[in-house]
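Reader: I am new to this structure and would like to go through it with you, one question at a time. Please put it on the page first.

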Amino acid sequence: MISAKEHEQVIDQTFRDSVATINQKGKRNFLFPKKPKGALYNKRTLASVIYLLVFFTLPWIKVNGEPFIMLNVLKRKFILFGQIFGPQDFFIFALGMITFIVFIILFTVVFGRVFCGWACPQTIFMEMVFRKIEYWMDGDFHKQQQLNAMPWNAFKIRKRLSKIIVFWLISFVIANYFMAYLISMDEVLRYVDDGISAHAGTFSALLIFTSVFFFVYYWFREQVCIVVCPYGRLQGVLLDKNSIVVAYDYVRGEPRGKVKSNDPETKGDCIDCKACVRVCPTGIDIRNGTQLECINCTACIDACDEIMDSLDRPRNLIRYASENNIAKKEKLKITTRIKAYTAVLLLIVSALVAMLATRDSVDITILRTQGMIYQQLPGGYTGNLYSARMFNKTHRDILVDLSIPAEEGSIEIIGKQPLIEKENYAVITFLVKRKNENITQRKSNLTIEIRAEGKKIATQKTTFIGPIHS
Ligand code: SF4
Ligand code: SF4
């Protein structure tokens, strides 16, 4: 039996001096991981199929003729689950983002990087789409290594060219769907109908997206997780000894080494076959402990289980486990940190739900017209001129009506009764008239009720100013 401290002393610490994907000369060390196989890989494949089905289906779904999901950053129009959100919903967005971040933190504290292995789009597309195609086209790791090492000839050119074309075409499809999430599938199809020359700018953006995806999946690959992704870099501060990660059971595995018939008892269960290292898409050795590069893809678990099966030893030498589970055989503990994060998360989610539930269908900002104070009107009245900027968040046109309690005065809309087109803005100018004898303060509060189709849809508070006559 070996402790965590002893394990650290036993393992060769030189792995800390280098990055698996950078060679001695400082150049990129391109990885050729062995094709994974096993129970977890099959489960991840199934999860990825469902994930990809959802990804490629969502842009085709419509609610009331509008996309189910659309994130049009340029037009500042967002549709989530059929609900329209605009710049006025900034607070809901901000709270939604905070909820998402707290959820990620809480989830990471408990389950480590499970998200990376099972739900991150980068891992899904890299490992479950492009890598699978690569194995299909170029064969398993040793064939890929041979191809890479061989001098350029007709065979290698044909292989490389066909892979570039296939990767580029898939990147082009993904870029189109990415575009559909931004501007809606209807718009993408309309652009296709109109032709490239009619939308040269959008087509250039599409080619840029395609090139970025191609670059990432053809060449950059695991570097996204190691160098670019901020989530990976946060692991050091989020994980603790209770977090569940893909971990090597050093208590059971060490001292590692080949089994010799004369001393089977002196060795641990790890036979140092390096099968777990060969399958790793980020090139690390999980036996060195949790590392920033580990995306929890579970390939090493499957690889080691296969070795254990062949040796007739129990599986799970590498498994989902916490440091405390391995060192002290402890089960998952609900720590104070987890409780505190959960409380904060519940609080934010409640606020978010309340904001969504009380959200008006029309967003209104009422301001007294700039540069004007008040007007003395014939018949003993004082008037204040206002303008209301309204945004219709629904999928239908709305005819609005403004009113104030009769004892407070009346409203005269300048022009015809305002119609706000669906998902659009309208600016309405109106005059509030008050009898002079009713004005008792220079500045008084005024509540304006906004109605549509006979129903109250919102109320807005503003102020009325006028001379005191009494
Ligand atoms: S696959 Fe298992 S037995 Fe082989 S080196 Fe890795 S941990 Fe040890
Ligand atoms: S160490 Fe294991 S789980 Fe982590 S990236 Fe490598 S193969 Fe995947």
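Reader: Which residues lie nearest the centre of the largest pocket?

Author: Happy to help: this is a predicted model, in which local features need pLDDT of at least 70, side-chain atom pairs count only at pLDDT 80 or more, and totals for chains, interfaces and linings use all residues. Residues are numbered from 1 along each chain as its sequence is written, chains are lettered from A and ligands numbered from 1 in the order in which they are written, and side-chain values use heavy atoms, leaving out hydrogens and water. A pocket is an open set of points on a 1 Å grid over the protein atoms alone, where a 1.4 Å probe fits, with protein on both sides within 12 Å along at least five of seven lines; its lining residues have an atom within 4 Å of a point. Here the lining counts 47 residues, and those nearest the centre are Y51, L71, F100, F115 and P121.

Reader: How many residues of that lining are nonpolar, polar and charged?

Author: The classes come first: Ala, Val, Leu, Ile, Met, Phe, Trp, Tyr, Cys and Pro count as nonpolar, Asp, Glu, Lys and Arg as charged, and the others, Gly among them, as polar. By class, the lining of the largest pocket has 41 nonpolar, five polar and one charged residues.

Reader: Which helix gives the largest share of the lining of the largest pocket?

Author: Helices (H or I, at least four residues) and strands (E, at least two) are DSSP runs, numbered from the N terminus. Nine residues make up that largest share, and they come from helix α3 (residues 90-111).

Reader: Let's move to the strands: what is the bridge partner of I69 in β4?

Author: Two strands pair if DSSP finds at least two bridges between them. β3 (residues 69-72) and β4 (residues 77-80) have four bridges and run antiparallel. In that pairing, I69 is matched with L80.

Reader: Is R76 buried or exposed?

Author: R76 sits in the loop between β3 and β4, and the hairpin has four residues between these strands. R76 is not a glycine, yet its phi is positive, about 55 degrees. Buried means under 20% relative accessible area, exposed over 50% and partly exposed in between (1.4 Å probe, protein chains only). With a relative accessible area of 53%, R76 is exposed.

Reader: Which residue takes a positive phi in the hairpin of β4 and β5?

Author: β4 also pairs with β5 (residues 83-85), antiparallel and over three bridges; one matched pair there is F78 with F85. Two residues lie between the strands of this hairpin, and the positive phi, near 50 degrees, belongs to F81.

Reader: Where is the kink in helix α5 centred?

Author: Helix α5 covers residues 121-138, and 15 of its 18 residues are buried. The bend at a residue is the angle between axes fitted to the seven residues ending there and the seven starting there. In α5 the kink is about 35 degrees, and its centre is R131.

Reader: Which elements give two or more residues to the shell around ligand 1?

Author: A residue is near a molecule or strand if one of its heavy atoms lies within 4 Å of it. Around ligand 1 we find Y248, C270, I271, D272, C273, K274, A275, C276, R287, C304, M308 and I318. The elements giving two or more of the shell residues are α13 (275-278) and α14 (299-311).

Reader: Is D272 exposed or partly exposed?

Author: D272 belongs to the loop between α12 and α13. Its phi is positive, near 60 degrees, in a residue other than glycine. With 23% relative accessibility, D272 is partly exposed.

Reader: What is the omega of the cis peptide bond that joins E254 and P255?

Author: P255 is placed in the loop between α12 (250-253) and α13. The cis bond joining E254 and P255 has an omega of about -5 degrees.

Reader: Which residues come nearest to ligand 2?

Author: The shell around ligand 2 divides into 10 nonpolar, three polar and no charged residues. Of the 13 residues around this ligand, the nearest are C280, C294, C297, T298 and C300.

Reader: Which are the edge strands of the open sheet of four strands?

Author: The order of this sheet is β13-β11-β15-β16, with antiparallel pairing. Within it, β11 (residues 398-403) and β13 share two bridges, and L399 has L419 as its partner. The strands that pair on one side only are β13 (419-420) and β16 (455-465).
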